[in-house]
Amino acid sequence: MGRYITRRVLQGFLTLFLVMFLLHLLTTLAIQLNGNPAQAFFGDRTPSPSQLAAVETRYGLDDPCYDQLGNPCIGPFVERLGDYAQGDFGESLRGRPVTDIVSTAAPNTLRLFVVVTITWLAIGMTLGGIAARRRGKASDHGIRGLSILIDALPIFVLLLVYKYIFSVPLSRWAKDTFGSDSLPALLFKPSFSPQHAWATLIVPGILLGLAGSAAFIRLVRAAQLETYNADHVRTARSKGLSERHVSRHHVVRNSAIPVVTAVGIVFTEALAGAVITEGMMNIYGMGGVLWKAVQDSDVSVVIGVVTLLAAVTVVVMLVVDVVYAALDPRIRYE
Amino acid sequence: MKTARLAAGLTALALVVTGCGGGDESEGDGDATVKLTLSQDVDTLLPMDSNVSDNISVLDVVYDGLVRYDPKTTKPYNYVAEDISSSDNTVWTIKIKDGLTFQNDEPVDAEAFARAWNYAAYGPNAMGNNYFFERVAGYDEMQGEYEEDDEGNVTVTTEPTAKELSGVKVVDPQTLEVTLNGPFAGFATMLGYTGFFPIAQECLDDIEACSTQPIGNGPFEIEEWDQGQSLTANKWDDYSLEETPDFSRIEWTEYSGDSDWADFEAGDIDASFPPPAEWQAAVSDPDLSSRMVEGPGAALSYVGFPMYLGKPFDDVEFRKAISMAIDRDTIIEKVVPGRFVAADSWVVPDGVPGGVAGTCEFCTFDPDAAKAALAKAGGWPKDKKLIIHLGEDPESEAIFKAVGDSIQLNLGIPYELDPTPDYFDRRSARDFTGIMRANWFPDYPLNENYLAPVYASGDPKEGNTNFGYYNADFEALIQEGDAAPDLETAVTKYQEAEKVLASDMASAPVAFSKNVMFYSDRLDNVVLDPFSGEVKLRLLQVN
């Protein structure tokens, strides 16, 4: 197991390095093609040359390689790697450290992901499990129909309907009934509130989780069905074990492997949904920060945030691989 | 067993949530707290660098300027200044009231203004309000010299030779003497703008800290700025001047692109504006519309012509034709209801001194006259498309698509929109082949600000950079206004200059912005700032 983990960690570092290098090449090319990102600092105003020069120097964009199309700008890349190694992730165009931005934004996104993952697992395991156990019956068809319905409702529609139709009257009612700082009033607040981060994230998280749960329901159903028909389950039944014992110890555990893998993959997909959710519910999170940084051509923030996200993804994948190996001993010996 | 464990987990989560939610009960509605919103774009609270309506409106209660503006007429009156005078409009003597301090007890004196202005004017500091000091003597020496290649890359050829404005002299602690490059009657009018606020020495010593935690001299102190999420300010107890509101705390929530309207409807914030889709519902709701306040805005959207290209853009009849072909009222009603009013002048009427309606004779929709004018100008080449250049902004794209439709319908000229991210670069490089969407947001309340910075150049050969416009009479009238003995005479001269623009149809005004705000039933005396469109916090009352 130790060697397996070491190997995966080293592969993770290599992936991260490649991601950073690719990102660097892309942003360098973008700067070389589109011209000076320091211009973005000034928005609508035309800066005086002295101001432009000052800003270029401040953000390390004065290296001549940025003016030569096709030059990979290895110098600034090595410099950046050195800075990152020392924990310096640079500053935004307005001089705010990227680490500071991330430390405010990341906890909100992580909270959102916690709620989303719980929702996935709760909905996926429950409905998928029921559908598998009652294969071909009305509840199976109902659940499969529901999963298609969920797929047909994109997250922004769910959020729009919730925010403009349900949240205002619900939040007014809860305030009048329970008081303005009560849990129900906070749950139905139309927007995120940093003072009540958990409470105001639950509903958006559940909606985002719900929107992504259809694939989970089908995956759990398929995985459990396969296991129900497996030899070891038949053996377990023939030994006279109770149906409950069989399904908990032999079916659920064995069918968990693809589900855990899917959590890792869908996690990265959820980030795309998070950009929309964060924007609509006014959550200051990683998706929104990245979105705005790209719009503002804020190079340091884009590179810093994407690097951190890549690192998180690599770590999540690693954890998934380890859990996978723990669940199925065959894997670590391959 | 499994379900029981899950239930226990959810209960634990619920407890965490409740524990987190039960906190600050004291901030209830009875408290005199105003809850407002800011856009997430606010990235500094440094006066020298603050130039968007959000941070300007925050700093309006955190800092006091030399002058303040009357909320109705926008006329300036002395506030921190005891007296501002000049005999020749070039050398200005500013007397500062005695005994005023910053929130850290440092004195608000001539030095406090001089250090702020020097910092802002020094090019390498890259402050957003740098260009406001162009008129002050010694500005050029603080910028240095640079070479700019075709791709906009800049190399320093000469470092700036000065770090201080030679035109700003501290005579004694209460007296500041400012020498301008030339006469300008409106100088005192500029002094209430955020870029001219004083700063404390402690702020200058640690600019980074000061940009998030400013040390003001106004009635409110910033308590905490959780950048990207919220900003809070409390009343400063030792405030000694008279203009201070009677509430004790302001809480701003920062919003990203999406609207805060649902939060306003839920009663979580005190003032908001509906998104276009909700506009009709809001104005037809008797309760909501009784809590709506409107006021003229200051921003002008207009059509600019690339006169430097020659025919047909340099023909005044062609410009008249385009202007008269635009059905301004219908466009606003259909595309951006409630947000704009049709413009028929270059200076916002009643918004700033000297602004009157109706100076643009050819801004009235008249398809027949437009066709006649186009024929007089020699018509439009068959099958050639009229390009409309504009920046990448959904709202102005919608408006200018309608403008293009209007031109196509009434003059038969096919058009094509060219939204570009490099709008400003391309415009100043004269890279446009057709008409352009332009927007002017004034920096200080004086009609001159709508005229000289946009159309004057002093360059008879090339004309001004953006449009290639030049008229000697216009330039002369602006100069006469700048040198006028008093502001009123100056304003009249500038008005005459606007008439020159009108006879040249130097551009076609399309719409002025309109400020609208809905407010909660807790608020009273809601007045909007014509410039920022935000609620005037010092006048606001909380029930």
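## A tour of chain B, starting at a helix pair

Select B:Asp473, B:Phe474, B:Leu477, B:Ile478, B:Glu480, B:Gly481 and B:Asp482 in α16(B), and then B:Ala490, B:Lys493, B:Tyr494, B:Glu496, B:Ala497, B:Val500 and B:Leu501 in α17(B), which the first group meets (contact means heavy atoms within 4.5 Å). The residues of this contact divide into eight nonpolar, one polar and five charged, where Ala, Val, Leu, Ile, Met, Phe, Trp, Tyr, Cys and Pro count as nonpolar, Asp, Glu, Lys and Arg as charged, and the others, Gly among them, as polar.

This is a predicted model, in which local features need pLDDT of at least 70 and side-chain atom pairs count only at pLDDT 80 or more, while totals for chains, interfaces and linings use all residues. Residues are numbered from 1 along each chain as its sequence is written, chains are lettered from A and ligands numbered from 1 in the order in which they are written, and side-chain values use heavy atoms, with hydrogens and water left out.

Next, show residues 472-482 and 487-504 of chain B as helices α16 and α17, which pack at an angle of about 170° with their axes 8 Å apart (axes are lines fitted to C-alpha atoms over the stretch in contact, and angles run from 0 to 180 degrees between N-to-C directions). That angle makes α16(B) roughly antiparallel to α17(B), a term for angles over 145 degrees.

Finally, select the whole of chain B, whose C-alpha atoms fill a box of roughly 80 × 70 × 45 Å along the principal axes. Its secondary structure comes to 17 helices and 21 strands (DSSP runs of H or I, at least four residues, and of E, at least two). Of the 543 residues of chain B, 56% count as buried, meaning under 20% relative accessible area with a 1.4 Å probe, protein chains only.

Conventions:
Parallel < 35°, antiparallel > 145°, perpendicular 65-115°, else oblique. Buried < 20%, exposed > 50% of the residue type's maximum accessible area, 1.4 Å probe, protein only.
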